[in-house]
Amino acid sequence: MSQPARSNRGHRERNGDNRHYRDSHDDSSSSRPPYYPREADAPPKHVREREREREPPRVEHQDSKCTNICSRRGIMLICAVLTNSLVLICVIAAQMVTTGLSAASMSGFNINSNFNLQGTELQKVRDLDMQYSQMRAPSLYGGIPFALTNGVVSLLFVVAGNKPAHLLSRKLMYGALIFQAVGAVAYVVAVGLFLHFIIRINATDVCQQRERLYSRSGYTWMNCDVSGADAAVALFGLITAILYTAGAVLTFKTIRGVRRYLQERKRREAEKQQARANPQRAPLRADTTSV
């Protein structure tokens, strides 16, 4: 059975059929359009996948910094910067408003023409105002650095968060979490101490005598109650504490989300590496068997 086949094959080779077959095969292959490449000329599958993986980072670089800064945790920090500024302004305003005649003299008003106080009463009111302002000085010297420090640090965290969450440093994220958690507790304690300090000063004899002297001249607004500026300090301080609490919760959720994202990305990369390794071995085994 094999000998006739070999003779027929030799007969075809002598007649040039084999050469004609090769020529026709080459002509048919060369007649393909140039825009349909062969599978052998196409890049391997793992090369195409690698090129696809390189595309997403290009999209991330095109995002503006405001997109990352104006995230939920970034908005909480921005609002905290604003409320810290309001606390700072209200602390200064409360000190200026409750100073009385001393504030009027510093602002350039004519005391004798604007206040119905003369002689010994005027001098006594000035002395009481000076004593009262000195008693309130710790709230001013403590409130300004406290609000200013919290506002500046919050602004630094806002500026530092101009990247996507998974690209930020872990130390920066944990630092923002600790700062906001501590800042929330510190503001609640600070507001409580501030109100306790103001109420205790307003209950002193200096404030009571000062209120009586002002009420004789018709200035009933200068009393020993908690002023509107002091209430504004407490109000904006509590709002800042709420913002810090919300920011700490959002930062904690962001840290957990980034951790899950990195773990998932590592798992996908490991699966891709395994998937790339298996198709590379399969064609080699197929080629060896075909040969």
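**Figure 1. The side chains of E264 and R267 form a salt bridge, with an N to O distance of 2.1 Å.** The view is taken from a predicted model. Both residues belong to helix α12, which covers residues 228-290. E264 and R267 stand three residues apart in this helix, about one turn. Are these two residues buried, exposed or partly exposed? E264 has a relative accessibility of 28%, so E264 counts as partly exposed. R267 is also partly exposed, with a relative accessible area of 40%.

**Figure 2. E264 takes part in a salt bridge with R268.** In this pair of side chains, the distance from N to O is 3.4 Å. A salt bridge requires a side-chain nitrogen of Lys or Arg within 4 Å of a carboxyl oxygen of Asp or Glu, so a value of 3.4 Å for E264 and R268 meets the rule. How far apart do E264 and R268 lie in helix α12? The two are four residues apart, and therefore about one helical turn separates them.

**Figure 3. R267 and E271 are joined by a salt bridge between their side chains.** The N to O distance for this pair is 2.6 Å. R267 and E271 are four residues apart in helix α12, so about one helical turn lies between them. E271 is classed as partly exposed because its relative accessibility is 42%, and partly exposed residues fall between the limits of 20% and 50%.

**Figure 4. Salt bridges link four residues in a network.** Which residues belong to this network? The members are E264, R267, R268 and E271. Within the network, E264 pairs with R267 and with R268, while R267 also pairs with E271. The count of salt bridges comes to five, and the three pairs shown in the preceding views are among them.

**Figure 5. The chain that holds these residues contains twelve helices and zero strands.** Read along the sequence, the pattern is α-α-α-α-α-α-α-α-α-α-α-α; helix α12, with residues 228-290, contains E264 and R267. Of the 291 residues in the chain, 31% are buried. The accessible surface of the chain amounts to about 19,500 Å², and carbon and sulfur atoms account for 59% of this surface. What share of the contacts between residues at least 6 apart in sequence joins residues at least 24 apart? In this chain, the share is 84%.

Notes:
Residues numbered from 1 in each chain as written. Predicted model: local features only at pLDDT ≥ 70, side-chain atom pairs only at ≥ 80, totals over all residues. Heavy atoms only, no water. Buried < 20%, exposed > 50% of the residue type's maximum accessible area, 1.4 Å probe, protein only. Contact = heavy atoms within 4.5 Å. Areas by Shrake-Rupley, 256 points an atom, 1.4 Å probe, with all protein chains shown as cover.
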